[in-house]
Amino acid sequence: MSTGHKHDGDHHDHDHEHPAAPMVEEITDYEVLEIAVRELAIEHGLFTAEDHRRFTEWAESIGPINGSRLVAKAWKDPAFKALVLEDGVKACKEGLGLDWAEPTGFGTPSDYTNFIVLEDTPTLHHVIVCTLCSCYPRPILGMSPEWYRTTNYRRRLVRWPREVLAEFGLILPPEVEIRVEDSNQKCRFMVLPVQPKGTENWTEEQLAAIVTRDCMIGVALPRPGRTADVHPIHKARRPVQASAQHGSAAE
Amino acid sequence: MKAKSEAPKASHAATRFKVGDRVRVRNMPNMFYTRTQSYVRGVIGTIAACTYKDLIPEEDAFNYDGKVEQYYIVRFRQKDLWEEYPFDNDTLQTESPEHWLEPV
């Protein structure tokens, strides 16, 4: 028997072929429930399968661009900033034409219509999490990033925020108060970061480009020159050779 | 349930707490659905905002149109939540319906 395959305390005989583990797609009880309810609704004519697909396509295509616009507009216009901080839902409607009540008249079932924008200052930094599930301001930022929904981020951010932020590459001095916002009920939150120095004369469009999704969750700070469409590339130190050459060299 | 008879009917009563009030999160048994995290139970914080009135999670979760209550954002010092927390200034906020809070 191969020595690299030793199970301590496991008495079963290894002198046989291991059958390949079947490829089973993992599905949770909630996914089963969702499919059952959806199929029932379609069967009863509440909506069609195509309606469902179109809604899903629309919901998943909302990106963070409206959030970026909201921040840029607030930076440029103090009166609008005051409205953003006073009534986030109203600011979205008046400043961006974004209606939190869409598409049902009372929002989507788990987004609600209570939106609070948290203002950072040079001595206060906000960061958002939902320890219960994945509450996120979807109407304005779109779907949350995959890591935002992981238990790892959710359980650790409330307890070790500085360590978690450092893992995102954000290290803040102890004088800056870090305020974690655990979004556990019906309010949805977004961060209004501090406008970075050197951007005072930028246009709204230029400013919006540096307010990326992560800046509005609070795991990053906006910086001139750092936009969502340009990402760092680190070339491999030992690039893979063309496979034919590599194969013949090895033999 | 005791909590139920104690909690004021917010739709008829004035808001119990105001911004700046010190409150303790109650530690009630998890008999039904709740959205009150265990890590804030029994901890003292400060009301940071009065947000909205809505159904309470214990009833909303079962689609029961029951009591409507005032919700609050409560601010805690991280040092009060986690004994070993090393930074004095850091805080955490979370939201709670009225019946989970008691005056200090």
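Among the elements of chain B, confidence bottoms out in helix α1 (residues 2–6), with a mean pLDDT of 36, and peaks in strand β1 (residues 22–25), with 98. Here pLDDT is the predictor's confidence in each residue, from 0 to 100, and helices (H or I, at least four residues) and strands (E, at least two) are DSSP runs, numbered from the N terminus.

This is a predicted model, so to speak of local features takes a pLDDT of at least 70 and side-chain atom pairs count only at 80 or more, while totals for chains, interfaces and linings use all residues. Residues are numbered from 1 along each chain as its sequence is written, with chains lettered from A and ligands numbered from 1 in the order in which they are written.

Back to chain B: its mean pLDDT is 87, and 88% of its residues reach 70 or more. Residues 1–12 of chain B stay under 50, and the model has 16 contacts beyond four places in sequence for them. Where pLDDT is low, the predicted coordinates should not be read in detail. For the complex, the predictor gives an ipTM of 0.86 and a pTM of 0.83.

Now the interface. 18 residues of chain A are in contact with 16 residues of chain B; contact means C-beta atoms, placed from the backbone, within 7 Å. On the chain A side, α8 (161–167) and β3 (177–182) each supply at least two residues, and β3(A) gives the largest share, six residues. The chain A side breaks down like this (nonpolar is Ala, Val, Leu, Ile, Met, Phe, Trp, Tyr, Cys and Pro; charged is Asp, Glu, Lys and Arg; polar is the others, Gly among them):

| Class, chain A side | Count |
|---|---|
| Nonpolar | seven residues |
| Polar | four residues |
| Charged | seven residues |

β3(A) also pairs with strand β4 (residues 91–97) of chain B, in the parallel sense over four bridges; pairing takes at least two DSSP bridges. Arg179(A) stands opposite Thr91(B) in β4(B).

Inside, the largest nonpolar core has 56 residues, and Val71(A), Val127(A), Val129(A), Val211(A) and Met216(A) touch the most other members. Such a core is a set of buried Ala, Val, Leu, Ile, Met, Phe, Trp, Tyr and Cys residues joined through C-beta atoms within 7 Å, buried meaning 20 or more other C-beta atoms within 10 Å. Beyond four places in sequence, Val129(A) is in contact with residues including Tyr153(A), Leu157(A) and Val180(A).

One oddity: Asn63(B) has a positive phi of about 60 degrees although it is not a glycine. Asn63(B) sits in the loop between α2 (57–60) and β3 (68–77) of chain B.

Key: Two residues are in contact if their C-beta atoms, placed from the backbone, lie within 7 Å. A residue is buried if 20 or more other C-beta atoms lie within 10 Å of its own, exposed if 12 or fewer, and partly exposed in between; C-beta atoms are placed from the backbone.
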